[in-house]
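Me: I have a model to go through with you. Can you justify the terms used for it, one by one?

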Amino acid sequence: MAPPGELLEALRKPGGTVLCLGHVHPDGDVLGTLLGLGLALSAAGASVTFAGPHPVPDVLAFLPGSDRWQVWKAAPAFFDIIVMTDCPNPDRSEGLLEGARGPRSRVLNIDHHPDNRRYGSIDWIDPSAAATGEMIFDLLVALGLPLTPAIALNLFTAVHTDTGSFRYSNTTPRTFRIAAELAAAGADPALVSDRLYQQRGRDSLVQLGTVLRRVEVSDDGQVAWLSVPRDLVPRELVESEDLVSYPRSIGGVKVAVLLREEAPGTVKASLRAKGEVAVNKIAHRFGGGGHENAAGCTLSGTLEEAAASLLQAVREALASGRS
Ligand code: 5GP
Ligand code: MN
């Protein structure tokens with residue numbers, strides 16, 4: 001799906017101020033796309049600010065431009081253009097979008113989530129894209145902006161992380177064509193793998209062992225889950241490891257769930273499927289969202305209570321999928 005003409009128009013000569021705004025707990029796709037697009041617009045002469053409610057996680061601090069990322073509690077001013085990428089729900093900016101959006105602001109909402117709420121002045125939503133990184137690649141090409149190695153590294157990381165290193169079912173021929181272009185433009189695939197997966201702390205494998213002992217599998221083998229209490233292991237480990245990939249890796253498992261206690265009474269859940277159950281429908285029931293095979297939500301209650309209600313919903317979804 002090509003970028004809409006009005007989006008190209010808005011970005012061709014962006015006069016005034018541009019805010020590249022991230023959502024809560026930014027991941028590789030959000031940061032890679034905001035930094036990739038923002039660096040390209042900066043190089044074209046725009047006045048670009050990068051900000052969000054949370055900092056760049058350590059594991060993504062290698063992304064070029066991440067030193068320009070600001071953490072805000074409130075937006076300091078209105079911006080002429082606000083770009084949000086990979087963010088289906090404006091509430092996920094924790095009020096920063098409302099604060100930065102003045103009467104004359106134009107909000108550019110660029111995303112690949114099917115449940116995007118179309119809150120932009122211009123919405124470009126393409127659920128066929130594996131990552132928003134693919135869309136920003138097409139956008140920069142359409143704008144004729146140069147793909148520097150720094151921009152290519154950001155976009156390559158966006159695509160790499162959202163496809164689980166090109167392993168998930170969202171990976172398409174288009175994904176590889178774009179990844180090839182990005183590698184040719186200077187993104188080093190080995191460097192990305194090294195920064196994402198080969199920089200663990202000394203104690204992390206022992207801590208990972210502590211966590212992985214808690215994996216549980218349903219009697220029928222179709223659901224696997226992992227509940228992580230607060231303070232079991234350092235928060236950085238939970239944030240830097242793709243923990244839900246471990247229950248997901250068990251053969252026969254159709255739905256994998258990670259539940260982590262964020263604060264007393266608050267549990268963050270990540271859901272993964274392998275094509276048989278749409279886990280975003282389950283997440284929607286709890287006020288969350290995402291993609292068919294990767295979704296998330298936040299639940300209130302203890303870890304045990306959250307696990308019980310979410311696993312019940314998963315069982316119901318599996319049962320209705322079979323009927
Ligand atoms: P993860 O499990 O890696 O945090 O997120 C997987 C997918 O689910 C991502 O596409 C993300 O946008 C979506 N997601 C995760 N948590 C939430 C949530 O609390 N609300 C919504 N709407 N989407 C979420
Ligand atoms: Mn994404």
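The questions and replies below take up a metal site, burial and a sheet.

Me: What kind of model is this?
Reply: This is a predicted model.

Me: What makes Asp29, Asp86, His112 and Asp162 donors of the manganese ion (ligand 2)?
Reply: Distance. A donor is an N, O or S atom within 2.8 Å of the metal. Asp29 (OD), Asp86 (OD), His112 (NE2) and Asp162 (OD) sit at 2.0 to 2.3 Å. The four therefore count as donors. Their spacing along the chain is D-x56-D-x25-H-x49-D.

Me: Why is the pair Asp86 and His112 said to tie parts together?
Reply: Asp86 lies in the loop between strand E4 (79-85) and helix H3 (96-100). His112 lies in the loop between strand E5 (101-111) and strand E6 (122-125). The pair thus joins parts 26 residues apart in sequence. Asp86 and His112 are both buried.

Me: Why is Gly164 called buried?
Reply: Its relative accessible area is 5%. Buried means under 20%, so Gly164 qualifies. Gly164 is in the loop between helix H5 (149-162) and helix H6 (173-184).

Me: How do you know that strands E9 and E10 pair?
Reply: Pairing takes at least two bridges. Strand E9 (residues 255-263) and strand E10 (residues 266-273) have 8, so they pair. They run antiparallel. Val255 stands opposite Ala273 in E10.

Me: What makes E7 and E11 edge strands?
Reply: The open sheet has 6 strands in the order E7-E8-E9-E10-E12-E11, with mixed pairing. Strand E7 (216-217) and strand E11 (289-290) each have a single partner strand, so one side of each lacks a neighbour in the sheet.

How values were computed:
Residues are numbered from 1 along each chain as its sequence is written. Chains are lettered from A and ligands numbered from 1 in the order in which they are written. This is a predicted model: local features need pLDDT of at least 70, side-chain atom pairs count only at pLDDT 80 or more; totals for chains, interfaces and linings use all residues. Side-chain values use heavy atoms; hydrogens and water are left out. Donors are N, O and S atoms within 2.8 Å of the metal (3.2 Å for Na, K and Ca); water is not among the atoms, so sites may look incomplete. Helices (H or I, at least four residues) and strands (E, at least two) are DSSP runs, numbered from the N terminus. Buried means under 20% relative accessible area, exposed over 50%, partly exposed in between (1.4 Å probe, protein chains only).
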